[in-house]
Amino acid sequence: MAAQLPVPLARLVVRRALRPVLSPRVPVTVQRRLLAGVGVSILPPRAASIEHTTLGGRPCEVVRMPGVDADRVVLYLHGGGYTVASPRTHRALTAHLAATSGATVHALDYRLAPEHPHPAALEDALAAYRDLLARTPSSFCIAGHSAGGGLALALVLRLAAEGLPAPAALGLISPWVDLSLDGVRDDDVDPLLTRDWLASCAAAYAGDAVDSPAVSPLLADTAALAALPPTLVQASEHEILRDDVERLVERLEDAGAAVTYRLLDGVWHVVHLQAGMLEPATRAVAQVGDFLRRHG
C-alpha cells in the first residue's frame, strides 16, 4: 500500500497549492496546464490499465483493474467547473472506482468552456452514452464528481426526456447542481473551491442559462427526479457545495426517488482525487464503487 498522507497535511497542500490555481485571476489555459502537472503526481494503482480510445466522437480513457468485468461499464464524467481538467487528471479516482465497482470505467474527455459552452458537454455525454449503449453491456452505470456530477444528473434527465434506457445506477460525488450559486457556502469552509472561481466557471459554461434544468438539474421538475435510477449522493463536511447537495437530496427524497446520501466527515470537496494517498479519499471512492457494484 502506498504511504498515506495525514489529513491535516493534505488539507494544507490543497489550500496552498491547488486553491490559488482555481482562481478567475488565473487564465483558464494556465489553470489547465498547472492541473495537468498536478494530475501526473497523483498516480493510479500500478495494476491499472489505461486505454486511449474515442467514445461518441470524443477522446476517452478506458480504465481497468485486474478482475473487472468487461461487460459491466461505468461512464465517468470528471469535474473541473466545465472549464478545466480531463480524464488524465483523475486517473487515481477512476482506477480505484474500477477496482471497487468491478466494472470497466470509461472516462469521457468532453468539450470544455469557454471555447465550448453549454450544451457542448451535455451533447458529448449523450453521444457517449448512445455509443456505449449500442455495445449492449450487461450492466451500465453513470458517475461523476463536481461539475461532472451535475452533468451526470443532467444526462440522466435528458435520457428520460428522449425515451432512452436509464442506467442501472447513478453515483454523484459532490455534484454541482445549481450554477446560480444561490446556495453556495462561505469560502472559508472549503480549502479548495471559492465562490469567485465557481462564478467564473458558471459564466463561461452557462452564460444566461443558469436557471435551465439542463445546466442546474437541482431545478428539474419533481416527476423527472422521481424517475431516477438508484442514486448515491456524497458530500463532504467541509465543502462549499454541501448545502446545494443536501437540497438536491431533499428534493429527491420528497420526489420518492431511490436516493442514498452519505456525508463524508472531516474532509473537503472531492477529496476522492487523493485516492490511494489519503485514507478517507480511498474509503470514499470505495463507497461509490460498492454502491455501483450492488445496484449495477
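Helix α3 passes helix α9 in a right-handed crossing. In this predicted model, α3 spans residues 91-101 and α9 spans residues 279-295, and the two helices pack at an angle of about 45° with their axes 8 Å apart. That angle makes α3 oblique to α9. The points below turn to salt bridges, contacts between residues distant in sequence, backbone features and a nonpolar surface patch.

**Salt bridges**

- The whole structure contains 15 salt bridges; three pairs and one network are described here.
- Arg-64 pairs with Glu-51 in a salt bridge whose closest N and O atoms are 3.0 Å apart. This pair links distant parts of the chain, with Arg-64 in strand β2 (residues 58-64) and Glu-51 in strand β1 (residues 49-55), 13 residues apart.
- Both partners of that pair fall between the limits for buried and exposed, which are under 20% and over 50% relative accessible area: Arg-64 is partly exposed at 29%, and Glu-51 is partly exposed at 35%.
- Asp-124 forms a salt bridge with Arg-111, and their closest N and O atoms are 3.0 Å apart. Because Asp-124 belongs to helix α4 (residues 120-134) while Arg-111 sits in the loop between β4 (103-108) and α4, the pair ties together parts that are 13 residues apart in sequence.
- In this second pair, Asp-124 is buried, with a relative accessible area of 6%, whereas Arg-111 is partly exposed at 27%.
- Asp-244 and Arg-247 form a salt bridge in which the closest N and O atoms are 2.6 Å apart. The two residues are three residues apart in helix α8 (residues 242-255), so about one helical turn separates them.
- Asp-244 counts as buried, at 1% relative accessibility, while Arg-247 is partly exposed, with a relative accessible area of 34%.
- Salt bridges with shared partners also join Glu-123, Arg-130, Arg-158 and Glu-162 into one network.

**Contacts between residues distant in sequence**

- Gly-149, in helix α5 (residues 147-161), is buried, with a relative accessibility of 0%. Its C-alpha atom lies 6.9 Å from that of Leu-77, although Gly-149 and Leu-77 are 72 residues apart in sequence.
- Ile-142 belongs to strand β5 (residues 139-145) and is likewise buried, with a relative accessible area of 0%. Ile-142 and Ala-169 are 27 residues apart in sequence, and their C-alpha atoms are 6.6 Å apart in space.
- Glu-237 is placed in strand β7 (residues 231-238) and is partly exposed, at 28% relative accessible area. From Glu-237 to His-269 the C-alpha to C-alpha distance is 8.4 Å, with their positions 32 residues apart in sequence.

**Cis peptide bonds**

- Ala-113 and Pro-114 are joined by a cis peptide bond with omega of about 5°. Pro-114 is located in the loop between β4 and α4.
- A further cis peptide bond joins His-118 and Pro-119, with omega of about 15°. Pro-119 also lies in the loop between β4 and α4.
- The loop that carries these two prolines also holds Arg-111, the salt-bridge partner of Asp-124.

**Positive phi at non-glycine residues**

- Ala-85 is not a glycine, yet has a positive phi of about 80°. Ala-85 is found in the loop between β3 (69-77) and α3, and counts as buried at 13% relative accessibility.
- Val-270 is not a glycine either and has a positive phi of about 45°. Val-270 occupies the loop between β8 (259-268) and α9 and is buried, with a relative accessible area of 3%.
- The loops that hold these residues adjoin the two helices of the opening paragraph in the naming used here: Ala-85 is in the loop between β3 and α3, and Val-270 is in the loop between β8 and α9.

**Nonpolar surface patch**

- Leu-5, Leu-9, Leu-12 and Val-13 make a nonpolar surface patch of about 300 Å².
- Val-13, one of these patch residues, lies in helix α1 (residues 7-18). Its relative accessible area is 43%, so Val-13 is partly exposed.

Conventions. Residues numbered from 1 in each chain as written. Predicted model: local features only at pLDDT ≥ 70, side-chain atom pairs only at ≥ 80, totals over all residues. Heavy atoms only, no water. Patch = residues over 30% accessible without salt bridge, like charges linked within 9 Å, V, L, I, M, F, W, Y side chains within 5 Å. Areas by Shrake-Rupley, 256 points an atom, 1.4 Å probe, with all protein chains shown as cover. Salt bridge = Lys/Arg side-chain N within 4 Å of Asp/Glu carboxyl O. Helix = DSSP H or I, 4+ residues; strand = E, 2+ residues; numbered from the N terminus. Buried < 20%, exposed > 50% of the residue type's maximum accessible area, 1.4 Å probe, protein only. Axes fitted to C-alpha atoms, helices over the stretch in contact; angles between N-to-C directions. Parallel < 35°, antiparallel > 145°, perpendicular 65-115°, else oblique. Left-handed = near helix turned anticlockwise from the far one by under 90°.
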